[in-house]
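User: I would like to go through this structure with you and ask, for each label, what justifies it.

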Amino acid sequence: MAESDGSLVPERILELSERLSSVAGAKIGEISSINREAKMLAINALITAARAGEAGRGFAIVSEEFKRISQEIDEVAQALESQVRADLQELSLVGGAILSHLRGQRLADLALNAIEIIDRNLYERTCDVRWWATDSAVVAAVAEPTPEGARHASSRLKVILDAYTVYLDLWICDAAGHVVATGRPQVYPATQGLSVAGAGWFQQAMKTASGDEFVAWDIERAPALNNAPVATYATAIRQDGLSDGKVIGVLGIHFDWKPQAQAVVDGVRLTDEERARSRVLLLDHAGRVLASSDQRGELDETFRLLANAVGMGSYATEQVTVGYALTPGYETYRGLGWYGAITQREPDAASSAASQAA
């Protein structure tokens with residue numbers, strides 16, 4: 001296949017220009033060396049002709065002509081070296097620019113693909129939370145709170161969690177911010193009696209204007225869920241489950257961020273050689289590392305793109321190329337200003353040679 005043919009990779013442009021420069025320089029050097037020997041022969045012939053006197057006059061004329069031709073060969077060789085070297089230098093510059101553009105464009109495309117996968121995944125979460133908030137057991141748990149109703153709602157949430165394994169837990173909260181039912185009370189006992197009244201996702205969900213609206217919260221660690229990183233989605237629970245009903249509580253669903261995000265960054269289509277010198281990142285709007293293929297700095301490190309790096313594109317700094325893409329959103333999910341980004345070191349000579357040999 002063309003993709004696996006080492007002769008078709010963009011790096012071959014620079015390799016061939018460097019090889020051509022080396023070969024041309026060597027051959028021009030050989031021409032100059034041979035011509036120097038010819039000059040010496042011409043000079044020796046002139047000396048011999050001078051010693052021969054009148055008998056050597058004709059030979060002297062031939063030697064002078066040979067010396068003149070040798071001088072012209074020198075001039076041609078020098079002009080050839082000057083022109084070829086200049087053209088090859090330009091070829092190397094053009095090849096380097098093309099290679100940098102191709103590499104950067106490819107990384108940007110891969111970064112866009114990664115953030116699009118996240119967008120589609122998180123869009124589904126927005127659908128889930130709006131749907132489940134209308135479930136009769138969820139509505140009843142806050143509309144007519146009783147221990148039996150809470151237990152029934154909890155069992156209902158467990159059924160959902162068993163089917164949707166991407167979630168750590170689902171919380172039903174009353175209008176005061178008390179968690180009245182969860183899907184995994186035995187797994188996460190700290191959720192019992194928990195108040196989330198001060199949580200941003202709860203406060204914003206209480207302010208939603210209709211059942212069509214939702215809250216998508218930034219990735220953060222949830223102490224009650226064993227400090228696991230979660231993406232929380234929330235919407236208001238409304239009277240009778242109606243889209244325009246009175247707000248009587250909030251449903252918060254906690255997406256298990258770590259394994260899902262890791263699968264995305266690990267799934268970017270890089271060769272093994274590229275992966276060894278690349279880092280795939282998901283970044284929030286402030287550059288906070290949400291996920292990383294090397295699993296370093298997640299939720300702690302800030303990776304700053306260049307100030308003029310907006311939308312989608314790439315840039316090179318020192319020996320590293322960075323490709324990036326802003327979340328385009330998906331359907332009704334507009335995204336949170338997140339970026340996909342990939343940093344890639346340039347291959348060293350040894351790894352490049354090994355790749356070509358393979």
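User: Which residues do ring pairs link into a cluster?

Analyst: In this predicted model, ring pairs link Trp131, Trp132, Tyr164, Tyr167 and Phe255 into a cluster. The structure as a whole holds ten aromatic pairs.

User: Why is the pair of Tyr167 and Phe255 called edge-to-face?

Analyst: The ring centres of Tyr167 and Phe255 are 6.3 Å apart, and their planes make an angle of 75°. Centres within 6.5 Å count as a pair, and planes over 60 degrees apart count as edge-to-face, so both conditions are met. Tyr167 belongs to strand E1 (residues 167–174) and Phe255 to strand E6 (residues 247–256), so this pair ties together parts that lie 88 residues apart in sequence.

User: How do you know whether Tyr167 and Phe255 are buried or exposed?

Analyst: The relative accessible area is 2% for Tyr167 and 1% for Phe255. Buried means under 20%, so both residues qualify as buried.

User: What makes the pair of Trp171 and Trp201 tilted?

Analyst: Here the centres are 6.3 Å apart and the angle between the planes is 50°. Stacked requires under 30 degrees and edge-to-face over 60, so an angle of 50° leaves the label tilted. Trp171 lies in strand E1 and Trp201 in helix H5 (residues 200–206), so the pair ties together parts 30 residues apart in sequence. Trp171 and Trp201 are both buried.

User: How do you know that the span of helix H4 is close to the expected one?

Analyst: Helix H4 (residues 147–163) has 17 residues and reaches 25 Å from its first C-alpha to its last, which is to be set against the 24 Å expected at 1.5 Å a residue.

User: What puts the buried residues of H4 on the same side?

Analyst: The buried residues of H4 are Gly149, Ala150, Ala153, Ser154, Leu157, Ile160 and Leu161. They cover an arc of only 135° around the axis, and therefore they lie on the same side of H4. Turned away from that buried side is a face that carries the exposed residues Arg151 and Ala163.

User: Which residues have the most contacts inside the largest nonpolar core, and which helix gives the most to it?

Analyst: The largest nonpolar core has 48 residues, and Ile172, Trp257 and Leu282 have the most contacts inside it. Helix H2 (residues 57–132) gives the most to this core, namely ten residues. Leaving aside residues up to four places away in sequence, Ile172 touches residues including Ala153, Leu157, Ile237 and Val250. Two of these, Ala153 and Leu157, also appear among the buried residues of H4. Another core, of 18 residues, lies apart from the largest one, and Leu168, Val196, Ala199 and Ala234 are among its members.

User: Why is Thr191 called buried, and what does it touch?

Analyst: Thr191 has a relative accessible area of 0%, whereas the limit for buried is under 20%, so the label follows. This residue lies in the loop between strand E2 (179–182) and H5. A polar atom of its side chain lies 2.7 Å from the backbone oxygen of Tyr188. Not counting residues up to four places away in sequence, Thr191 touches Asp169, Trp171, Val179, Thr182, Ala224 and Leu225.

User: How many helices and strands are there in the protein chain, and what percentage of its residues count as buried?

Analyst: The protein chain has eight helices and eleven strands, and 41% of its 358 residues count as buried. Among contacts with a separation of 6 or more, residues 24 or more positions apart account for 59%.

Key: Residues are numbered from 1 along each chain as its sequence is written. This is a predicted model: local features need pLDDT of at least 70, side-chain atom pairs count only at pLDDT 80 or more; totals for chains, interfaces and linings use all residues. Side-chain values use heavy atoms; hydrogens and water are left out. Rings of Phe, Tyr and Trp (its six-membered ring) pair if their centres lie within 6.5 Å; planes under 30 degrees apart count as stacked, over 60 as edge-to-face and the rest as tilted. Helices (H or I, at least four residues) and strands (E, at least two) are DSSP runs, numbered from the N terminus. Buried means under 20% relative accessible area, exposed over 50%, partly exposed in between (1.4 Å probe, protein chains only). The expected span of a helix is 1.5 Å times one less than its number of residues. The arc is that of the directions from the helix axis to the C-beta atoms. A nonpolar core is a set of buried Ala, Val, Leu, Ile, Met, Phe, Trp, Tyr and Cys residues joined through side-chain atoms within 4.5 Å. Contact means heavy atoms within 4.5 Å. A polar contact is a pair of N or O atoms within 3.5 Å; within protein, one must be able to donate a hydrogen and the other to accept it, and residues adjacent in sequence count only if both atoms are side-chain atoms.
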